[in-house]
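Q: Please take a close look at one part of this model and describe it in a connected way, giving the cut-offs behind each term as you go.

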Amino acid sequence: MSAKAVRPTDAAGTPARHHVVVIGSGFGGLTAARELAKTDVDVTVIAKTTHHLFQPLLYQVATGIISEGQIAPPFRVVRRKQKNLTVVLGEVEDIDIAGKTVTSRLLERVTTTPYDSIIIAAGAGQSYFGNDRFAEFAPGLKTIDDALELRGRILGAFEQAELSDDEEERDRLLTFVVVGAGATGVEMAGQIAEMARKTLKGTFRNIDSTTARVILLDGAPVVLPPYGGKLSQKAAEKLAKLGVEVQLGAMVVDMDYDGLVVKDADTSGSGGTTRRIESQCKVWSAGVAASPLGKLLAAQSEVELDRAGRVKVLPDLTIPGHPNVFVVGDMAFVDGVPGMAQGAIQGARYATDAIKAGLSGAPVESRKPFSYWDKGSMATIARFSAVAQIPIPGTKKKIELAGFLAWLGWLFLHLMYLVGHRSRFTTFIDWTLAFTTRSRSQLAITEQQVFGRTALQQLEQRSGEGKEVA
């Protein structure tokens with residue numbers, strides 16, 4: 001379909017007010033829209049999904065603790081009372097920073113949206129470090145689709161093992177490998193182990209779910225590298241108690257449907273050795289890659305990208321020569337700012353404050369550099385166990401917690417950041433049941449969840465072939 005220009009207008013059909021376009025419906029996008037709700041501007045949010053995703057809890061969707069609806073409320077519903085907001089569903093294909101337009105696509109419908117200021121908060125995706133074919137065999141955990149597919153693969157592996165009478169096949173099916181020992185990898189490994197040893201215990205007749213192997217791989221020498229020291233050690237010890245096999249200094253060099261090849265770190269000067277792990281169900285959480293929109297900006301300006309594709313923004317979170325183009329969150333490279341929700345939230349608030357100041361007549365030169373307030377970081381390992389690192393303001397020291405108190409803090413913080421009272425209430429109920437009875441309310445799986453990715457890829461290939469023939 002032909003392109004359609006979208007911009008709020010007055011009764012005469014002319015642009016009514018300063019128009020701010022926000023790309024992304026994550027923490028950065030939601031914060032930007034919310035901060036501009038009472039400002040004399042028009043706001044258009046362009047997003048490729050209809051929901052705002054609370055990504056830190058995706059692993060709980062993947063392991064059946066909570067439902068996807070609890071962490072992914074519809075963006076339109078969340079902001080329905082914001083009268084100056086328009087939401088456009090579509091994937092951004094182009095940003096013309098000279099012409100000040102954004103082009104997005106939903107199926108065959110192309111939409112062109114003009115802007116006066118733009119806040120780009122498109123986030124990041126999974127990185128396979130140049131081995132994109134691994135995605136077919138080891139899904140990442142960045143979207144609702146990923147979480148549901150992984151839930152289907154994990155539970156499906158147990159179901160297949162129940163039907164198998166081949167010992168080698170059973171061993172392969174009951175071996176779960178998580179690649180990447182960051183927060184997501186540790187959380188996934190811990191929950192798969194708890195599911196196998198507690199939730200599913202005694203539910204099968206031909207297999208013993210408690211014998212399942214859960215392997216956590218990482219090329220780094222410690223788990224949770226950003227924490228380091230005692231916290232990393234305690235996390236590793238807790239994982240071991242859960243039955244998780246932590247294999248460090250191990251890099252994945254090849255992968256197929258039935259397993260993966262790992263190269264261990266060289267400790268003898270022989271160049272390292274390779275070995276194969278037979279495993280059908282694999283999870284990838286080893287790296288992130290910024291949105292490809294960064295390349296569009298780099299092609300039109302003097303901005304540089306880092307190795308992960310993040311935009312090296314100026315101190316005011318804009319790109320060189322374009323003070324109206326802000327980049328925040330996982331897409332932006334700012335020294336000392338981690339790829340966490342707080343980085344996106346604080347970046348979006350800074351950008352909206354700068355826009356408001358500009359509307360009041362403040363010159364660009366008066367902008368103070370963006371300053372990040374590090375509120376700390378947390379990672380849960382299993383029931384009643386987590387680690388937390390909280391900076392002490394005005395010092396270089398940090399408070400370090402591990403165990404039950406850190407776990408309670410993690411629960412409270414994540415509950416507060418969920419959007420909507422209903423989501424908080426239902427999540428609290430599900431957590432209470434899961435952590436007191438070991439039961440999980442979201443263990444339903446379908447074939448569509450497991451094979452949807454493959455079917456879509458085949459459909460895209462056939463569509464491409466059809467266009468070539470035409």
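A: Ile23 stands opposite Ile120 in β8, and this pair of residues is a convenient place to start. The model is a predicted one, in which local features need pLDDT of at least 70 and side-chain atom pairs count only at pLDDT 80 or more, whereas totals for chains, interfaces and linings use all residues. Residues are numbered from 1 along each chain as its sequence is written, and side-chain values use heavy atoms, with hydrogens and water left out.

Strand β2 (residues 18-23) runs parallel to strand β8 (residues 117-120), with 4 bridges between them; two strands pair if DSSP finds at least two bridges between them, and strands (E, at least two residues) and helices (H or I, at least four) are DSSP runs numbered from the N terminus. Both strands belong to an open sheet of 6 strands with mixed pairing, in the order β4-β3-β2-β8-β20-β19. Because β4 (85-89) and β19 (318-319) stand at the edges with a single partner strand each, one side of each has no neighbour in the sheet. Helix α10 (residues 341-359) lies across β2, β3 (41-47), β8 and β20 (322-327), and runs at about 175° to β8. Contact here means heavy atoms within 4.5 Å, and the angle, on a scale from 0 to 180 degrees, is taken between the N-to-C directions of lines fitted to C-alpha atoms, for helices over the stretch in contact.

On the surface, Phe384, Ile392, Ile399, Leu401, Phe404, Leu405 and Leu408 form a nonpolar patch with about 590 Å² of accessible area together. Patch residues have over 30% relative accessible area and no salt bridge, nonpolar side chains (Val, Leu, Ile, Met, Phe, Trp, Tyr) being joined within 5 Å and like charges within 9 Å; areas come from the Shrake-Rupley method with a 1.4 Å probe, with only the protein chains shown as cover, and a salt bridge is a side-chain nitrogen of Lys or Arg within 4 Å of a carboxyl oxygen of Asp or Glu. β24 (398-403) and α11 (404-417) each supply at least two of the patch residues, and the largest share, 3 residues, comes from α11. Leu408 is found in helix α11 and is partly exposed at 37% relative accessible area, on a scale where buried means under 20%, exposed over 50% and partly exposed in between. Phe384 lies in the loop between β22 (377-382) and β23 (385-391), is partly exposed at 34%, and has a positive phi near 70° although it is not glycine.

Technical notes
Buried < 20%, exposed > 50% of the residue type's maximum accessible area, 1.4 Å probe, protein only.
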